Structures are given as structure tokens and as C-alpha cells.
Number of protein chains: 2
Amino acid sequence: MSHDHWVPPPVLLTVDLVILTLRESCLHVLLIERGIEPYQGTLALPGGFLGHEKEDLVTAAHRELAEEAGLGPDQLHLEQLGVYGAPDRDPRGRVVSAAYLAIAPRLPEPVAGTDASRACWTSAEQALSGDVQLAFDHEQILTDGIDRAREKLERSALATAFCGPTFTISELQDVYEAVWGVPLDARNFYRKVQSVDGFIVPAGPSRKTDGGRPARLFRPGPRTTLHPPMIRPLSQADRETA
Amino acid sequence: MSHDHWVPPPVLLTVDLVILTLRESCLHVLLIERGIEPYQGTLALPGGFLGHEKEDLVTAAHRELAEEAGLGPDQLHLEQLGVYGAPDRDPRGRVVSAAYLAIAPRLPEPVAGTDASRACWTSAEQALSGDVQLAFDHEQILTDGIDRAREKLERSALATAFCGPTFTISELQDVYEAVWGVPLDARNFYRKVQSVDGFIVPAGPSRKTDGGRPARLFRPGPRTTLHPPMIRPLSQADRETA
DNA sequence: GGAATAGTGTCTTTAAGACATTATGCC
DNA sequence: GGCATAATGTCTTAAAGACACTATTCC
């Protein structure tokens with residue numbers, strides 16, 4: 001600000017995506033094996049540089065979502081997670097990443113035929129176990145993304161984004177159990193989700209296939225925030241108190 | 001990705017700050033009258049370009065905090081709010097802003113002597129009333145910052161960041177009432193904050209000056225998350241349900 | 001009928017909402 | 001004593017936790 005013709009340092013912008021979904025009642029994240037340096041061969045979150053000077057950040061996120069995961073803008077939830085800009089996070093220079101969190105229902109193998117065929121769904125547990133090496137600071141971004149999802153399940157109707165257009169209450173419970181990693185009492189869960197008015201609404205004549213009694217189908221309701229919130233039982237990780 | 005030597009478009013990075021504090025039991029935000037184009041003469045959030053190629057984002061935020069508000073890194077809360085990158089948000093070109101939320105106790109007029117003497121504390125109500133024009137997309141950033149503060153008061157011990165090193169329970173209640181904009185019952189508030197173990201702990205021999213009975217003093221406790229959370233009464237703005 | 005899953009009901013316990021009352025300082 | 005603010009207590013009510021039970025389908 002004080003020098004004669006000081007110019008601010010330019011940076012490069014990437015958009016990275018934490019794409020979460022449920023597979024076999026387990027939380028999974030989409031990872032891609034990098035084809036180029038740096039971190040060639042290492043797993044990374046899908047993402048890439050801003051396409052052009054005028055591209056909006058959300059637009060770029062949707063573009064990457066389509067290119068790298070074959071996911072269209074409909075029927076998925078997308079929100080900003082934050083910005084990651086440590087000076088040394090990318091060996092190529094000053095690259096700042098806008099991270100987005102996407103939540104999608106389980107789709108029919110969305111990966112195989114797409115542009116980036118090196119994409120693979122990895123269980124969240126495994127991705128953060130330490131056994132898997134992630135490129136850049138993507139482990140931190142992934143951790144933050146999962147934390148965000150866990151928090152938002154408490155106060156928002158976000159859980160329905162993990163489900164298809166219609167779903168059963170058991171499936172919804174599956175979402176909560178998988179994301180939070182704790183078992184829930186089915187009867188109390190039923191009472192709770194039914195009592196929050198507008199969270200889920202009955203859909204169609206209701207029916208489903210399994211071994212037992214058919215379950216009613218529901219759609220997401222108009223309500224986006226949950227009052228009172230869902231209560232997440234504190235798992236083993238309750239650092240404070242006893 | 002497909003062309004021969006495609007290079008990603010560089011962008012400029014700014015760091016903008018939503019600095020909140022309490023003044024006369026009202027939520028205030030620090031605004032600065034811009035001295036240069038664009039938006040010269042218009043009120044804006046404090047902030048500025050990244051200082052140099054190697055500067056970390058949080059470091060830049062702390063630097064701006066010191067330069068523009070005279071606030072040191074101690075005894076204030078700072079967290080990232082998000083990134084704002086609409087292509088047309090800055091007439092100078094592609095400028096992307098990393099927004100940070102800072103919460104500080106009321107300090108002895110921190111503004112007057114500092115570098116930027118055009119800084120002024122403005123009540124949040126007034127800043128968002130529409131009467132005040134804010135530069136760039138700073139109205140949106142401010143709205144998001146206040147929303148974030150409101151949410152975090154529910155589940156975190158953030159409220160103590162508005163207070164000095166020691167405070168009375170009444171002062172803490174003031175924080176909640178000012179940020180949420182709703183009156184709270186003092187007796188239930190006492191019961192609540194005392195029951196959340198580790199939220200606040202007695203400090204010193206306890207005493208304070210007013211007209212009436214001296215109040216006990218407390219310090220922030222080790223607890224950072226509140227279980228169960230503080231309940232925010234839904235003000236007039238309860239779009240869903242009745 | 002038996003297995004499997006869906007859905008409902010009841011009792012208990014925790015904690016919030018709505019109050020009144022007592023306590024301790026200053027003038 | 002009178003005033004002002006701090007602090008505590010009680011009753012009610014809402015909602016979560018912990019259970020047992022009935023219902024509907026397929027074999």
C-alpha cells in the first residue's frame with residue numbers, strides 16, 4: 001500500500017470437491033488417482049483450476065462435478081466448505097483452493113464411463129485411516145467436509161440429499177447412522193422425524209421390497225431447518241466432560 | 001486441460017474481515033470508509049490484498065486486524081467465514097476474497113489512533129438496514145458473518161470471546177441477547193450456563209460495580225462445545241411451521 | 001406358522017419455560 | 001429503610017432415552 005507501484009501477488013485458484021454418498025450403509029467419498037504431477041498416482045479429491053477468467057466458483061464446482069463424477073446439478077446438494085490457502089500446500093506455487101461439499105444419492109455406478117475413469121468411491125473410514133495417502137492438504141479438506149456434513153445433519157434436512165427422490169424412514173435412519181457413525185433407536189427415530197413437521201412427507205401409494213413388511217415411501221418436505229434439531233449421541237469422542 | 005499450453009487464469013486475493021463486538025449492549029461491526037477507488041468514500045469491511053506471495057491467509061487476516069483495527073492476535077476469536085468469488089464482484093477484475101470472522105471484546109476505543117482513522121463501529125442493525133451502502137458484496141459477507149456468529153453461540157462457547165478476561169453472567173447474557181436479538185430469562189439463563197460444566201468457571205474473589213448487588217466474576221472454561229446447546233428462541237423470523 | 005422388517009405405544013428422565021422469592025450491596 | 005441488581009428455587013411442560021408390542025409381507 002505504501003510503495004510506488006506495488007501490485008498484489010496473483011494466485012491460481014482451484015476448486016476441490018468433497019463428494020459424499022452412501023454405499024452399503026457406509027459413508028463414501030469420491031477420490032481420483034492423479035494422472036499428472038504433482039502427486040501423480042496419488043489419490044486426491046476431484047477438482048481443478050478455474051476454467052476461465054469469468055467463471056463463477058459454484059459454476060466451476062458444477063463443471064468439475066460433471067467432468068470428474070458425471071453428476072449433473074440436479075438432485076444433489078452443493079455448498080461451500082471454505083478456502084484453503086497455505087503458502088506451501090501446492091508445490092507448483094501459490095495455489096488457493098475453494099473447497100465445496102457435495103452430497104449425492106447413490107446413483108447407478110456414476111464413475112465407470114466418465115471422463116476421469118480413475119475415480120473410485122472410497123469409504124470415509126478408509127480414506128481417513130492413515131493407510132491412504134492423499135494429495136496436497138486434501139486429508140484436511142476431507143475431514144472438514146465430513147465434519148460439516150455431520151453437523152448439518154443435526155439442524156438441517158440435508159440427510160434427504162443422500163437419498164433418492166423417495167425413500168423409507170429406515171433408509172433415512174441409515175444415513176444418520178452412517179454419517180454419524182452411531183446406532184440409533186429405530187422407534188425414537190421414527191417418532192422424531194415424523195414429529196418435525198415438513199421434514200419428510202408421504203410419497204406415492206407407498207411400498208418397497210425387502211424380506212419383511214413393505215415400508216412407506218417419503219419425499220423431502222419443504223422444511224430445510226430442523227426445530228428442534230436431531231440429537232447426535234456423543235460417540236466415544238467426547239473430549240470434554242465425562 | 002485439452003489445449004496445448006492452457007494456463008489457468010490468475011486471480012487476485014483479498015482478505016476481508018467481519019469484526020464484531022458489543023457496544024452498549026448492541027452488536028457492532030467495524031466498517032471503514034474507503035479512501036481509494038473503487039467505491040471511494042463508501043463504507044466497506046476492513047481488508048486488503050494478500051501482502052506477498054508467501055503470506056498465509058490467516059496471517060493476512062491478523063495483519064489486517066492489526067493495521068486497520070489495531071487489534072492484536074490475543075484475546076480475540078478468528079475463524080474463516082468462506083470465499084467470495086463472483087466474477088463481477090470487483091470492477092478491477094477477478095478479485096476473490098477470503099472472508100474471516102473476528103470477535104473481540106469491547107476494547108478502549110481501538111480505532112482512533114490507528115493507521116486507518118476512517119474506521120468506525122457501526123451497529124449491525126444499521127449496517128444491514130439498507131440505509132447504509134456497502135462496497136462490493138460486503139453486505140452479503142456481513143450478513144453471513146452475523147449468521148455464523150448467531151449459530152455458533154448455540155453450540156460453542158464463542159460468546160465469551162465478546163467479553164473481557166473476566167465477566168459476569170449478566171454480561172454474558174447481554175452477549176446472547178444482543179447477537180440473537182431476543183430477550184432471555186435471566187433465571188433460566190443462569191441455570192443453563194451454570195449447568196454446562198466447564199463453560200464458565202469462577203474467577204477471582206468475585207466482585208463488580210453497579211448500583212446493586214455485586215456479581216460474581218467468571219472466566220471462560222475449558223469447554224469449547226456446549227452439550228446440550230443453548231436454545232435460541234425463534235424470533236419473528238420463523239418461516240417454517242407456526 | 002416362522003422369519004424379517006415396519007410401525008405404534010408407554011414409562012422414565014432430562015431439560016427447557018414460566019414464574020416468585022431471597023440475598024447483598026449502595027444511597 | 002429503600003432501591004437496584006444478583007442469585008436461587010419450584011412447578012409445569014416438552015421432548016429425548018429406553019424399553020415392549022403389534023402389523024404386514026414373504027417363505
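**Exercise 1.** Which element gives the most to the surface near DNA strand D?

*Solution.* Start with the conventions. This is a predicted model, in which local features need pLDDT of at least 70 and side-chain atom pairs count only at pLDDT 80 or more, while totals for chains, interfaces and linings use all residues. Residues are numbered from 1 along each chain as its sequence is written, chains are lettered from A and ligands numbered from 1 in the order in which they are written, and side-chain values use heavy atoms, leaving out hydrogens and water.

Step 1. A residue is near a strand if one of its heavy atoms lies within 4 Å of it. By this rule 20 residues surround DNA strand D, the closest being A:Arg187, A:Lys192, B:Arg187, B:Tyr190 and B:Arg216. Of the atoms of DNA strand D that come within 4 Å of the protein, 53% belong to sugar and phosphate.

Step 2. Helices (H or I, at least four residues) and strands (E, at least two) are DSSP runs, numbered from the N terminus. The element that gives the most is α5(A), with four residues.

**Exercise 2.** Find polar contacts to bases and to phosphate in DNA strand D.

*Solution.* Step 1. A polar contact is a pair of N or O atoms within 3.5 Å; within protein, one must be able to donate a hydrogen and the other to accept it, and residues adjacent in sequence count only if both atoms are side-chain atoms.

Step 2. For bases, a polar side-chain atom of A:Arg187 lies 2.5 Å from a base nitrogen of DNA strand D. A:Arg191 also places a polar side-chain atom 3.2 Å from a base nitrogen of that strand.

Step 3. For phosphate, a polar backbone atom of B:Arg216 is 2.7 Å from a phosphate oxygen of DNA strand D. The elements that give two or more residues to the surface near DNA strand D are α5 (186-195) of chain A and α5 (186-195) of chain B.

**Exercise 3.** Describe the surroundings of DNA strand C.

*Solution.* Step 1. There are 19 residues around DNA strand C, and A:Arg187, A:Tyr190, A:Arg216, B:Arg187 and B:Lys192 come nearest.

Step 2. A phosphate oxygen of DNA strand C is 2.6 Å from a polar backbone atom of A:Arg216. A side-chain N or O atom of B:Lys192 lies 2.7 Å from a phosphate oxygen of DNA strand C.

Step 3. The largest share of this surface, four residues, comes from α5(B).

**Exercise 4.** What relation do chains A and B have?

*Solution.* Step 1. Copies are superposed by least squares on the C-alpha atoms of residues with pLDDT of at least 70 in both. Chain A can be laid on chain B with an RMSD of 0.1 Å, by a turn of 180° and a shift of 0.0 Å along the axis.

Step 2. That is the relation of a two-fold axis. Of the residues of chain A, A:Gly82 comes closest to the rotation axis, its C-alpha being at 2.4 Å.

**Exercise 5.** Locate the largest nonpolar core.

*Solution.* Step 1. A nonpolar core is a set of buried Ala, Val, Leu, Ile, Met, Phe, Trp, Tyr and Cys residues joined through side-chain atoms within 4.5 Å. Buried means under 20% relative accessible area, exposed over 50%, partly exposed in between (1.4 Å probe, protein chains only).

Step 2. The largest core has 47 residues, of which A:Ile19, A:Leu65, A:Leu78, A:Tyr100 and B:Ile19 touch the most other members.

Step 3. Contact means heavy atoms within 4.5 Å. Leaving aside neighbours within four places in sequence, the contacts of A:Leu78 include A:Leu17, A:Val58, A:Leu65 and A:Tyr100.
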